[in-house]
Amino acid sequence: MPPAEVIRAAIPDADEALVEHILWGRTPFPCGPVSALDIYRAASRFARAKRNGLELCDCCDRLVIKNHLCASCRDGLEQASHAKKA
């Protein structure tokens with residue numbers, strides 16, 4: 001089954017831009033193996049968050065705290081930034 005069909009099974013009104021976002025931004029595609037179930041779960045998780053007025057982290061899909069990142073990813077990026085400056 002094509003990825004767009006899998007995503008539209010979870011989000012029936014998904015336009016092409018949302019399909020691309022789910023596939024490229026919410027799964028490890030194309031860097032790792034991705035099953036239809038992985039794609040469906042990513043789309044379902046995204047739809048559920050939107051329906052509840054929540055935003056998911058761009059890096060890991062946890063709930064966002066600030067600037068499109070969860071606390072864990074934000075802290076990790078800040079530590080990496082400080083280490084690079086030193």
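Below, a colleague asks a modeller how some labels on this predicted model were reached.

Modeller: This is a predicted model, in which local features need pLDDT of at least 70 and side-chain atom pairs count only at pLDDT 80 or more, while totals for chains, interfaces and linings use all residues. Residues are numbered from 1 along each chain as its sequence is written, and side-chain values use heavy atoms, with hydrogens and water left out.

Colleague: Why is the meeting of glutamate 16 and arginine 8 called a salt bridge?

Modeller: A salt bridge is a side-chain nitrogen of Lys or Arg within 4 Å of a carboxyl oxygen of Asp or Glu. For glutamate 16 and arginine 8 the N to O distance is 3.5 Å, so the pair fits that definition. The structure holds 6 salt bridges.

Colleague: What makes glutamate 16 partly exposed?

Modeller: Buried means under 20% relative accessible area, exposed over 50%, and partly exposed in between (1.4 Å probe, protein chains only). Glutamate 16 has 46%, so it is partly exposed. Its partner arginine 8, with 30%, is partly exposed too.

Colleague: How do you know that arginine 74 meets both aspartate 75 and glutamate 78 in salt bridges?

Modeller: From N to O, arginine 74 and aspartate 75 are 3.7 Å apart, and arginine 74 and glutamate 78 are 3.9 Å apart. Each value is within the cut-off, so each pair counts. Glutamate 78 and arginine 74 are 4 residues apart in helix H4 (residues 71-85), which means a separation of about one helical turn. Helices here are DSSP runs (H or I, at least four residues), numbered from the N terminus.

Colleague: What joins Arg26, Arg45, Asp58 and Asp61 into one network?

Modeller: They are joined by salt bridges that share partners.

Colleague: How do you know that helix H2 and H3 are in contact?

Modeller: Contact means heavy atoms within 4.5 Å. By that test, Leu18, His21, Ile22 and Leu23 in H2 meet Ile39, Ala42, Ala43 and Phe46 in H3.

Colleague: Which kinds of residue make up that contact of H2 with H3?

Modeller: They divide into 7 nonpolar, 1 polar and no charged. Ala, Val, Leu, Ile, Met, Phe, Trp, Tyr, Cys and Pro count as nonpolar, Asp, Glu, Lys and Arg as charged, and the others, Gly among them, as polar. His21 is on none of the named lists, so it counts as polar.

Colleague: Is leucine 37 buried or exposed, or in between?

Modeller: Leucine 37, which lies in helix H3 (residues 36-51), has a relative accessible area of 46%, so it falls in between and is called partly exposed.

Definitions and conventions. Helices (H or I, at least four residues) and strands (E, at least two) are DSSP runs, numbered from the N terminus.
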